[in-house]
Amino acid sequence: MNEAMAQEGFAGMPTPSYAASPSRLLTWLDCPRRYRMQYLDRPRPAVRAQRGHTSVGLAVHNALRDWWDLPDAERTPSGGSELVRRSWIDVGFGDPERSMLWRGRAQRQVAAYLEGVDPHQPRGIERTVSMHTGPLRLQGRVDRLDDRNGELVVVDYKTGRRPVTDDDARTSLPLALYAATVWKMFRQVCLHVELHHVPTGRVAAHTHTRESIARKVAEARSIAVDARAADADYAQVGVQSQAFAARPSALCQWCDFRAHCPPGQAVGPEKSDWAGLDEPTPPRPGASQE
Ligand code: SF4
């Protein structure tokens, strides 16, 4: 099937929409080969073991989600610290001492971050959102949706080493798409987006215009058209499809699928399980880091 056919569908048949999260769209941009292995190949190729910085990120996100379910008296910074301790994920640290060191750090970071958080319920916590736009059926989950005096604000937590900047908030495709989706679902204008960097407490913020949100949605639709065409080609010819070229970059040293990818292995040595704890992972195009 050529690309034009894949995009237009067969005569008389409706063209199926393309369901994707912002993460899936960005994976297509990062590396089509990785996209194929992650989303299309079945059985899925085995991925490497979880890294330490991913464990930290999951534990912190889980604690910041569960914090809102605590009774009022426990919804305190020390309550958040205790949630990190209880839900710690001891995977990818190399040795028990490093795991305990990072558990303590994560507890202190979460407690310090929560000092500045209003303990009253936000509008949404890990809120599932979706919308249909052109060929794209966008699905995702917003870490936190605040209602600040009637203004809806999309909040995304970050736990990586690299501090976030306002430019990260401005250029983030996921944040803009979440704002558009919230706007559509709640029938309430949503233009303000924020990245909350838990390790430093830094908040990177941007207020979109209607036009800049529309540009991001158009960008997502364009990515969806290309990815949908590639998916259709894969459905026809499988792994023989030429639509999924490897795209070697600095990300290859961190890629979960590099064991199956000789071009990625040529980029350089694989990063250790705990490397992301001490050095920043490379930023992805259009997105800030984890
Ligand atoms: S190792 Fe690099 S080129 Fe290979 S799939 Fe991963 S990101 Fe793509």
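The ligand in this predicted model is surrounded by C31, R33, R34, M37, A246, R247, P248, C252, C255, R258, C261 and G264, each with a heavy atom within 4 Å of it. By class, this shell holds 7 nonpolar, 1 polar and 4 charged residues; Ala, Val, Leu, Ile, Met, Phe, Trp, Tyr, Cys and Pro count as nonpolar, Asp, Glu, Lys and Arg as charged, and the others, Gly among them, as polar. Helix α3 (residues 32–40) gives the largest share of the shell, 3 residues. Helices are DSSP runs of H or I with at least four residues, numbered from the N terminus. The ligand sits in the largest cavity.

Helix α8 covers residues 173–186. Its 14 residues should span 20 Å at 1.5 Å a residue, and the end C-alpha atoms are 20 Å apart, which agrees. Of these 14 residues 11 are buried, so α8 is largely enclosed by the rest of the structure; buried means under 20% relative accessible area with a 1.4 Å probe, protein chains only. Among them are L173, Y178 and F186. At the N-terminal end, S172 caps α8 through a side-chain oxygen 3.1 Å from the backbone nitrogen of L175. Just after α8, R187 has a positive phi of about 50°.

R75 lies in the loop between α4 (52–66) and α5 (77–86). R75 counts as buried because its relative accessibility is 14%. Its side chain reaches the backbone oxygen of P119 at 2.6 Å.

Residues are numbered from 1 along each chain as its sequence is written, and side-chain values use heavy atoms, with hydrogens and water left out. Local features need pLDDT of at least 70 and side-chain atom pairs count only at pLDDT 80 or more, while totals for chains, interfaces and linings use all residues.

Notes:
On a 1 Å grid over the protein atoms alone, a cavity is a set of points where a 1.4 Å probe fits but cannot get out, and a pocket is an open set with protein on both sides within 12 Å along at least five of seven lines; lining residues have an atom within 4 Å of a point. A molecule sits in a cavity or pocket if more than half of its atoms lie within 2 Å of its grid points. Helices (H or I, at least four residues) and strands (E, at least two) are DSSP runs, numbered from the N terminus. The expected span of a helix is 1.5 Å times one less than its number of residues. Buried means under 20% relative accessible area, exposed over 50%, partly exposed in between (1.4 Å probe, protein chains only). A polar contact is a pair of N or O atoms within 3.5 Å; within protein, one must be able to donate a hydrogen and the other to accept it, and residues adjacent in sequence count only if both atoms are side-chain atoms.
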